[in-house]
Amino acid sequence: MRLAETVTFGGGGLERAAELRGDQAALTAALDSGDPVVLPIWRGKPLMAGDALQFVAGDHAILADAPPGRLFLGRDGEGLRFAADISAWEPEAVDKAALDSFADDSRQTHPALPEASFRELRLAMVALSAREAEIAATAKAMLGWHRSHRFCAKCGAESRFDLAGWHRRCPSCNALHFPRTDPVVIMLITHGNDLLIGRSPGWPQGMYSLLAGFVEPGETLEAAVRREVAEETAIRVGRVNYLSSQPWPYPSSLMFGCIGEALSREITLDPVELEDAFWISREDLVAALAGHHPTLLPARPGAIARFLMENWLADRLD
Ligand SMILES: [Zn+2]
């Protein structure tokens, strides 16, 4: 697909400069320069001012709650970029219901930098430039991995942040642990003029999207598409093609956008996975995307599901 990398979180072109990850002198010089090079992340939410990421100097007071070690993200133009996890910071008042909701629209402001706030990336992502979106997604996914993989999976000892955050090393058995990325297939399943869409239990009212599911060990992307669709709807799928991928840091997925041709139309739902699924015509989907459908809310802008739907309608999948 020619437009594949125009998906949100795609095509950022960040120069990851892996050769600098072990160059402590170069990294320390950037962190000590006084330039704003560190992106603070609080419980997965990047610091933003207006619609841009807010970087701070390496010694800024907002980083007081960050554990030692700065995640080195890469080189952006002339400058190096880092991220730090300040999740240990406790704001004075937290709207817990908003934080736990599907689309958290609450913002948290740190007293050390009151003009900026922590915002949920799912809502802010479409406002960011491609480069900023890549930086934010990488930082969120990597810092989330460090938080959830503190202990060695081999011997159980506490492992250490190492190589500017790009692996964790176990001081007890010396095992190295690398950041994980979980492959997920998400698919346009078509039958003539129609597209298969569904909704999971617990989604916001009226919201429908493409079917999706984790790829299992030992499985190709094509096989995963056919298995997931069969499990969730009992529809059989024939030819499958890959279209586009999207890093999706919730918490560590890589979405593989595919298209598959349905060989059957009758839907039998798996009620655990899906609350509803149906075939929607191109005409009805156009109306839904324009906000003119009476009940249907399609996947939001920024999500690869929305990107694939729009490009399918526009015949831009080649
Ligand atoms: Zn170990």
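Helix 6 passes helix 7 in a left-handed crossing. The model is predicted. In this model, the axes of helix 6 (residues 282-289) and helix 7 (residues 304-313) come within 11 Å. They cross at roughly 130°. Helix 6 is therefore oblique to helix 7. On the side of helix 6, the contact is made by R282, L285, V286 and L289. These residues meet R306, M309, E310, W312 and L313 of helix 7. By class, the residues of this contact divide into six nonpolar and three charged, with no polar residue.

Salt bridges were examined next. The count comes to 23 salt bridges. One of them joins the side chains of R75 and E15, with a nitrogen-to-oxygen distance of 2.4 Å. R75 lies in strand 4 (residues 71-76), whereas E15 lies in the segment before helix 1 (24-31), so the pair ties together parts that are 60 residues apart in sequence. R75 has a relative accessibility of 22% and counts as partly exposed. The lower limit of that class is 20%, because buried means under 20% relative accessible area. E15 is also partly exposed, at 40% relative accessibility.

A further salt bridge connects the side chains of E219 and R227, at 2.5 Å from N to O. Both of these residues are buried. The side chains of R239 and E261 form another salt bridge, with an N to O distance of 3.2 Å. This pair links distant parts of the chain. R239 belongs to strand 14 (residues 237-248), and E261 belongs to strand 15 (residues 253-262). The two residues are 22 apart in sequence. R239 counts as exposed, with 56% relative accessibility. E261 counts as partly exposed, with 38%. Salt bridges also combine through shared partners, and in this way E216, E219, R227, E228 and E231 join into one network. The network thus includes both members of the buried pair, E219 and R227.

Several single positions were then placed in the fold. A230 lies in helix 5 (residues 221-233). A230 is partly exposed, at 37% relative accessibility. The C-alpha atoms of A230 and T268 are separated by 9.1 Å. Along the chain, A230 and T268 are 38 residues apart.

E273 occupies the loop between strand 15 and strand 16 (276-281). Its relative accessible area is 39%, and E273 is therefore partly exposed. Leaving aside residues up to four places away in sequence, E273 touches S200, P201 and E232. The C-alpha atom of E273 is separated by 32 Å from that of C152. These two residues are 121 residues apart along the chain.

D32 sits in the loop between helix 1 and strand 1 (38-42). With 60% relative accessibility, D32 counts as exposed. A distance of 13 Å separates the C-alpha atoms of D32 and R81. The two are 49 residues apart along the chain.

Backbone geometry was considered last. The peptide bond from Y250 to P251 is cis, with omega near -5°. P251 is found in the loop between strand 14 and strand 15. These two strands carry the salt-bridge partners R239 and E261, respectively.

Positive phi values occur at R43 and N174. For R43, phi is near 45°, although the residue is not a glycine. R43 is located in the loop between strand 1 and strand 2 (45-49). R43 is partly exposed, with a relative accessible area of 36%. For N174, likewise a residue other than glycine, phi is positive at about 70°. N174 is found in the loop between strand 8 (167-169) and strand 9 (176-177).

Terms used
Residues numbered from 1 in each chain as written. Predicted model: local features only at pLDDT ≥ 70, side-chain atom pairs only at ≥ 80, totals over all residues. Heavy atoms only, no water. Salt bridge = Lys/Arg side-chain N within 4 Å of Asp/Glu carboxyl O. Helix = DSSP H or I, 4+ residues; strand = E, 2+ residues; numbered from the N terminus. Buried < 20%, exposed > 50% of the residue type's maximum accessible area, 1.4 Å probe, protein only. Axes fitted to C-alpha atoms, helices over the stretch in contact; angles between N-to-C directions. Parallel < 35°, antiparallel > 145°, perpendicular 65-115°, else oblique. Left-handed = near helix turned anticlockwise from the far one by under 90°. Contact = heavy atoms within 4.5 Å. Nonpolar A, V, L, I, M, F, W, Y, C, P; charged D, E, K, R; others polar.
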